[in-house]
Amino acid sequence: MAVRKIRRISSWTLIALMLISVATLCLFYFGGVIDPNVEQKEPVNTSLLLYWCYAIFALAVIGLLLFGIIQFISSLKAKPKAALASLVVIIAFVALLGITYSMGDGTPLPKINVDSARYNVESWLKISDMWIYTTYVLLGLSVLAIIGGSVKKVLNK
């Protein structure tokens, strides 16, 4: 009964996030441009798309940390070794953020407009690179987990 409820909630959550994402992308691509007479056209809903991406990314990071901490606390009482395993995930994520931050390039970008110039400093550039590289690593690990799970399922038959 509980598994069915969890599956239903996660399915509806996924559907809602996907519908909002598709609607946001449609508004971005088909919503028009601010000034059609300039060389580089800027879509009207660029900020909407960026804020939605920030929100989804923040939900993913908060979910990872929150569920990791909950898993650690609940496992600590029953199985201390399992609790250490869930703590390792949080430590690995923090280490990944540190490594990707150090990999980031802090070189200021040329030809930045006045509104964006305040973010064209080394710290913000390295932070944005950190999140991009972290996303790449997590995406790659997800693909490897999917492939590994499929191979394991085939081998167990």
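The following is an exchange about helix packing, cysteines and one loop in a predicted model.

Biologist: What makes H2 roughly antiparallel to H3?

Modeller: Helix H2 (residues 46–78) and helix H3 (residues 80–103) pack at an angle of about 160°. Angles over 145 degrees count as roughly antiparallel, so H2 is roughly antiparallel to H3. The axes of H2 and H3 are 7 Å apart, and H2 passes H3 in a left-handed crossing.

Biologist: Which residues of H2 and H3 meet?

Modeller: From H2 they include Val 61, Leu 64, Leu 65, Gly 68, Ile 69 and Phe 72. Their partners in H3 include Ala 83, Leu 87, Ile 90 and Phe 93. By class, the residues of this contact are 14 nonpolar, four polar and no charged.

Biologist: Why are H3 and H4 called oblique to each other?

Modeller: H3 and helix H4 (residues 122–156) pack at an angle of about 125°. Roughly perpendicular covers 65 to 115 degrees and roughly antiparallel begins over 145, with the rest counted as oblique apart from angles under 35. An angle of about 125° falls in that rest, so H3 and H4 are oblique. Their axes are 7 Å apart, and H3 passes H4 in a right-handed crossing.

Biologist: What makes up the contact of H3 with H4, by residue and by class?

Modeller: Among the H3 residues are Phe 93, Leu 96, Leu 97 and Tyr 101. H4 brings, among others, Lys 126, Ile 127, Met 130, Trp 131 and Leu 138. The classes are 11 nonpolar, four polar and one charged. Lys counts as charged, and Lys 126 of H4 is part of this contact.

Biologist: How do you know that Cys 26 and Cys 53 are not joined by a disulfide?

Modeller: A disulfide is a covalent bond between the sulfur atoms of two cysteines. The cut-off for calling one is 2.5 Å between sulfur atoms. The sulfur of Cys 26 is 14 Å from that of Cys 53, its closest cysteine sulfur, so the pair is too far for a bond. Starting from Cys 53, the closest cysteine sulfur is that of Cys 26, at 14 Å. A search of the whole structure finds zero disulfides.

Biologist: Why are Cys 26 and Cys 53 called partly exposed?

Modeller: Partly exposed lies between buried, under 20% relative accessible area, and exposed, over 50%. Cys 26 has 37% relative accessibility, so it counts as partly exposed. Cys 53, which lies in helix H2, has 41% and therefore gets that label too.

Biologist: How far is Cys 53 from Val 154, in sequence and in space?

Modeller: Cys 53 and Val 154 are 101 residues apart in sequence and 36 Å apart in space, C-alpha to C-alpha.

Biologist: What makes Lys 111 count as exposed?

Modeller: Lys 111 has 85% relative accessibility. Exposed means over 50%, so Lys 111 counts as exposed. Lys 111 is placed in the loop between H3 and H4. Its phi is positive, about 55°, although Lys 111 is not a glycine.

Biologist: Why does Tyr 119 count as partly exposed, and what does Tyr 119 touch?

Modeller: Tyr 119 is found in the loop between H3 and H4. Its relative accessibility is 41%, which sits between the limits of 20% and 50%, so Tyr 119 counts as partly exposed. Leaving aside residues up to four places away in sequence, Tyr 119 touches Trp 124 and Leu 125. Tyr 119 and Pro 108 are 11 residues apart in sequence and 9.2 Å apart in space, C-alpha to C-alpha.

How values were computed:
Residues numbered from 1 in each chain as written. Predicted model: local features only at pLDDT ≥ 70, side-chain atom pairs only at ≥ 80, totals over all residues. Heavy atoms only, no water. Axes fitted to C-alpha atoms, helices over the stretch in contact; angles between N-to-C directions. Helix = DSSP H or I, 4+ residues; strand = E, 2+ residues; numbered from the N terminus. Left-handed = near helix turned anticlockwise from the far one by under 90°. Contact = heavy atoms within 4.5 Å. Buried < 20%, exposed > 50% of the residue type's maximum accessible area, 1.4 Å probe, protein only.
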